[in-house]
Amino acid sequence: MLDSPLDPLSSVVTLLKPAVSISKMVEAGGQWLVERHDMVSPFYCAMVEGRCRLHVAGRDPVTLRAGDFVLIPHLQGFTMSSEVPPPPHVPRLPLETGPGQFRLGATEAPVDMRALVGHCHFDTPASSLLVSLLPEMIHVSDQNRLTTLVPVIHEETRADRPGRGLILERLLEVLLIEALRSDQATTLPPGLLRGLSDPQLSGALQRIHAEPSRPLSVSELAKAAGMSRSGFFERFRRQVGRAPLQYAIEWRMALAKTLLRQGGLTISEIALKVGYGSASAFGLAFVRHEGLSPGAFANKGSS
C-alpha cells in the first residue's frame with residue numbers, strides 16, 4: 001500500500017482503513033426522531049425513499065431526499081427526524097423488525113421514509129490527523145454510484161461469506177472516495193479536497209503524497225506550481241489550512257505511525273521511507289510531533 005504511488009485522496013482513504021461497525025435498513029412513518037450524542041464512529045446515510053431532516057451539531061439543518069447521501073467523518077452529534085418532529089418526551093426507541101432492519105415512529109403509520117444507514121471505524125493510528133483533512137459533513141444528491149454502493153455494503157454485512165472483511169474494506173474505500181470527490185469544491189472548508197480542487201496546488205499535493213521519501217522545499221513546490229514562493233505559501237495555507245511543509249510533515253508522520261504499528265521494518269528503514277536521512281533525525285522529529293519515541297509508539301501499539 002505505502003510503496004505504490006497513489007493520488008492524495010486515494011492515499012488518505014487507503015491509510016484510514018475503513019471498516020463497517022453497523023449497517024441498518026431503517027423504515028419510518030409518522031412522527032419520529034433519533035438523537036446521537038458522543039459519537040464514537042463516523043456515520044453515513046443513503047436515502048432510498050421519502051424525506052427527513054438531519055441536524056448535525058454546529059450546522060444548519062438540512063432536508064434529505066431520496067437519492068441523497070450523507071457522510072459525517074467527524075465524531076459529532078446529530079439528530080434525524082421526520083419533517084415535523086414529534087413532541088418532546090415521546091418514546092423514540094427504534095423497533096427491530098428483523099436482522100439489520102429497524103422501524104421508527106408509530107407502527108400503525110404507513111412507511112414514508114426508507115434509508116440505509118451505517119457506522120464505520122478507521123483502523124489507523126493516524127485517524128485523527130487524516131479525518132481533520134476531510135470536511136465535517138459531505139452531502140451529495142443524485143449520485144447513482146453512491147446509492148448503488150450502499151446496498152451492496154449492507155448486503156455484505158448480513159452475509160457470512162469468505163473474504164467478507166476484505167470486500168467490506170474495499171467497498172468502504174470506494175464509497176468514501178466517491179463521496180469525497182462528489183462534494184462541491186466551492187462550499188468546502190480548508191482541507192485536502194479544497195486543495196485538490198485548486199489546479200495550482202493539486203500537483204504539489206500529489207508530489208507530497210507520492211514521494212514522501214524525497215526532500216521537499218517550499219521553493220521547489222512553488223516552482224512546480226508555477227507560482228512565486230510567497231504566493232504559493234499563502235495560497236496553500238489558505239486552501240489546505242496548513243503551511244506546505246507542516247502538511248508534508250504531518251503526512252509523513254501519518255505514514256510513519258502506520259508503518260511502526262504494522263511492524264516488519266526497522267526504524268532506520270521507516271526513517272528513509274518518510275524522508276529522513278537517519279534514524280536519529282527521524283526520532284527527533286517523531287518525538288516533537290507525537291511526544292514519544294518511534295520505538296515507544298510501536299511498543300505501545302503491540303502491548
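**Exercise 1. Determine whether the end-to-end span of helix 11 agrees with its number of residues.**

Solution. Helix 11 covers residues 279–290, which is 12 residues. Helices here are DSSP runs of H or I with at least four residues, strands are runs of E with at least two, and both are numbered from the N terminus. The expected span is 1.5 Å times one less than the number of residues. For helix 11 this gives 16 Å, and the end C-alpha atoms are 16 Å apart, so the two values agree.

The model is a predicted one, in which local features need pLDDT of at least 70 and side-chain atom pairs count only at pLDDT 80 or more, while totals for chains, interfaces and linings use all residues. Residues are numbered from 1 along each chain as its sequence is written, and side-chain values use heavy atoms, with hydrogens and water left out.

Next, consider burial, where buried means under 20% relative accessible area, exposed over 50%, and partly exposed in between (1.4 Å probe, protein chains only). Phe282, Gly283, Ala285 and Phe286 are the buried residues to note in helix 11. In general, an α-helix has 3.6 residues a turn, so residues three or four places apart point the same way. After helix 11 comes Gly291, with a positive phi near 85°.

**Exercise 2. Carry out the span comparison for helix 4, and place Glu178 within its surroundings.**

Solution. Helix 4 runs over residues 164–182 and has 19 residues. The distance from its first C-alpha to its last is 27 Å, close to the expected 27 Å. Its buried residues include Leu168, Leu171, Leu172, Leu175 and Leu176, and also Glu169, Glu173 and Glu178.

Glu178 belongs to helix 4. Its relative accessibility is 6%, and therefore Glu178 counts as buried. For contacts, the criterion is heavy atoms within 4.5 Å. When neighbours within four places in sequence are left aside, Glu178 is in contact with Arg145, Leu146 and Leu149.

**Exercise 3. Describe the surroundings of Glu250 and Leu129.**

Solution. Glu250 is located in helix 9 (residues 244–262). With a relative accessible area of 13%, Glu250 is buried. Beyond its neighbours within four places in sequence, Glu250 contacts Leu129, Arg242 and His289.

Leu129 is part of helix 2 (residues 127–132). Leu129 counts as buried because its relative accessibility is 15%. With neighbours within four places in sequence again set aside, Leu129 is in contact with Arg242, Glu250 and Ala254. As a separate distance, Leu129 and Ile208 are 79 residues apart in sequence and 16 Å apart in space, C-alpha to C-alpha.

**Exercise 4. Characterise the packing of helix 7 against helix 8.**

Solution. Two packed helices are described by the angle between their axes and the distance between the axes. Axes are lines fitted to C-alpha atoms, for helices over the stretch in contact, and angles run from 0 to 180 degrees between N-to-C directions. Helix 7 (residues 218–225) and helix 8 (residues 229–240) pack at about 90°, with axes 9 Å apart. Helix 7 is therefore roughly perpendicular to helix 8; under 35 degrees counts as roughly parallel, over 145 as roughly antiparallel, 65 to 115 as roughly perpendicular and the rest as oblique.

On the helix 7 side, the residues are Val218, Ser219, Leu221, Ala222 and Ala225, and they meet Arg229, Phe232 and Phe233 in helix 8. By class, this contact has 6 nonpolar, 1 polar and 1 charged residues. The nonpolar class holds Ala, Val, Leu, Ile, Met, Phe, Trp, Tyr, Cys and Pro; Asp, Glu, Lys and Arg count as charged, and the others, Gly among them, as polar.

**Exercise 5. Identify the pairing partners of strand 1 and of strand 6.**

Solution. Two strands pair if DSSP finds at least two bridges between them. Strand 1 (residues 18–28) runs antiparallel to strand 9 (residues 113–122), joined by 10 bridges; Ala19 stands opposite His121 in strand 9. Strand 1 is also joined to strand 8 (residues 101–104) by 4 bridges in the parallel sense, with Leu104 as the bridge partner of Ala28.

Strand 6 (residues 78–81) pairs antiparallel with strand 2 (residues 33–36) over 4 bridges, where Glu35 has Thr79 as its bridge partner. Strand 3 (residues 43–56) is likewise antiparallel to strand 6, with 4 bridges, and Val56 is partnered by Phe78.
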